[in-house]
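Me: Could you take a close look at one helix pair here and the salt bridges around it? I'd like the cut-offs spelled out as you go.

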Amino acid sequence: MRFERFSTRGPRGPQPQADGGDMRPARGGGFFKKFMGRTGIVLLVLVLALCLLNAFYSINEQENAVVVTFGVPTPVTASGLHFKIPFIQQVRKVDMTIHGFGIGYVPGTDESIPDESLMITSDYNFVNVDFFVEYRVTDPVRYLYASRQPELILKTLAQSYIRDTIGLYPVDEVITTGKNQIQSEIKDKIIARLEKEDIGLQLVNITIQDAEPPTAEVLAAFKEVETAKQSADTAVNNANKYRSEQIPAAEAQADQILQNAQAQKEARINEATGQVSRFEAMYEEYARYPLITKQRMYYEAMEELLPGLRVIIQDENGNTLNILNNQNEG
């Protein structure tokens with residue numbers, strides 16, 4: 001018996017179809033491959049360009065940046081151009097300059113916010129007080145990740161301490177004389193609380209922009225009180241000025257009087273001393289020559305009592321010894 005070998009594979013080469021067509025592949029397949037190859041290259045170039053563009057970032061002098069790598073933040077403080085890993089590291093920039101917001105009003109406008117500005121004082125009076133708060137970022141990492149809304153936290157703390165401090169002062173001091181002290185107390189309280197909370201913000205300053213009663217009648221009354229206080233201060237200042245001018249003159253006059261009195265005192269003392277010296281000298285002469293001294297004293301007394309009298313002194317023999325003429329010479 002003879003067995004023939006059968007093969008399951010068809011004959012080599014293209015086989016005619018049933019309708020006699022050619023079984024070779026179409027030419028369009030090569031064009032598709034070329035198109036896909038070019039598109040892939042273009043896409044690759046675009047991806048590389050995008051990665052290159054996303055690999056660099058810049059920081060100006062007034063900014064800091066925080067680079068996040070797999071959830072770990074790292075601060076970058078140096079300004080200029082920096083590199084980062086594309087699509088892996090994320091960069092968030094933070095403005096480090098001073099910012100501000102108003103409490104009780106909208107800055108730059110005349111719009112008031114009554115819910116924020118209306119407060120009560122220690123003497124149970126109502127008053128409208130507007131504040132302006134200035135702050136800046138000190139730690140960009142804490143600022144971005146320690147809280148969701150650090151500015152809102154700062155504003156809430158400021159409103160709380162403002163109301164607490166205003167409630168310790170009477171309305172007169174809030175509107176007139178106590179503004180500086182109130183500002184200082186509020187600032188110290190907020191700074192201490194921000195240090196405790198550590199949210200990356202620092203209070204720069206807080207100032208009272210305006211303080212007035214909520215009604216026109218009360219405002220007019222306070223203005224009259226303020227005017228009266230200013231008038232009183234003016235009167236006090238004028239009185240102090242007059243006192244400053246008069247006191248030196250009075251002191252000079254008193255000093256002159258004291259000097260005159262001292263001069264009179266010394267003159268009288270000197271005169272009395274001279275009289276004592278003359279009396280002592282006269283007494284010595286009297287003790288030595290009592291009769292002659294007595295006559296001399298008599299003649300001097302007569303000279304004073306009778307200034308126009310002519311006195312002739314003679315001895316026992318009638319000889320003229322001395323002629324005293326007290327008439328004033330013309």
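Reply: Here's a walk through the helix pair, followed by the salt bridges.

Quick ground rules: this is a predicted model, so local features need pLDDT of at least 70 and side-chain atom pairs count only at pLDDT 80 or more, while totals for chains, interfaces and linings use all residues. Residues are numbered from 1 along each chain as its sequence is written, and side-chain values use heavy atoms, leaving out hydrogens and water.

Helices here are DSSP runs (H or I, at least four residues), strands likewise (E, at least two), both numbered from the N terminus. Helix α4 (residues 150–166) packs against helix α6 (residues 179–197) at about 140°, axes 9 Å apart. Those axes are lines fitted to C-alpha atoms over the stretch in contact, with angles running from 0 to 180 degrees between N-to-C directions. That makes the two helices oblique; the label covers whatever is left after under 35 degrees (roughly parallel), over 145 (roughly antiparallel) and 65 to 115 (roughly perpendicular).

As for who touches whom (contact means heavy atoms within 4.5 Å), the α4 side includes Leu 154, Leu 157 and Tyr 161, and the α6 side includes Ile 182, Ile 186 and Arg 193. By class, the α4–α6 contact has 10 nonpolar, 1 polar and 4 charged residues. Nonpolar is Ala, Val, Leu, Ile, Met, Phe, Trp, Tyr, Cys and Pro, charged is Asp, Glu, Lys and Arg, and the others, Gly among them, are polar.

Now the salt bridges, meaning a side-chain nitrogen of Lys or Arg within 4 Å of a carboxyl oxygen of Asp or Glu. The whole structure has 4 of them. One sits within α6: Arg 193, also part of the α4 contact, pairs with Glu 197 at 2.9 Å, N to O. They are 4 residues apart, so about one helical turn separates them. Arg 193 is partly exposed at 29% relative accessibility, and Glu 197 is too, at 34% (buried is under 20%, exposed over 50%, partly exposed in between, with a 1.4 Å probe and protein chains only).

From α4, Lys 155 reaches Glu 116, with the closest N and O atoms 3.3 Å apart. Glu 116 is in helix α2 (residues 114–117), so this pair ties together parts 39 residues apart in sequence. Lys 155 is partly exposed at 23%, whereas Glu 116 is buried at 14%.

Finally, Arg 142 pairs with Asp 198 at 3.6 Å between the closest N and O atoms. Arg 142 lies in helix α3 (residues 140–145) and Asp 198 in the loop between α6 and β9 (201–212), so the pair links parts 56 residues apart in sequence.
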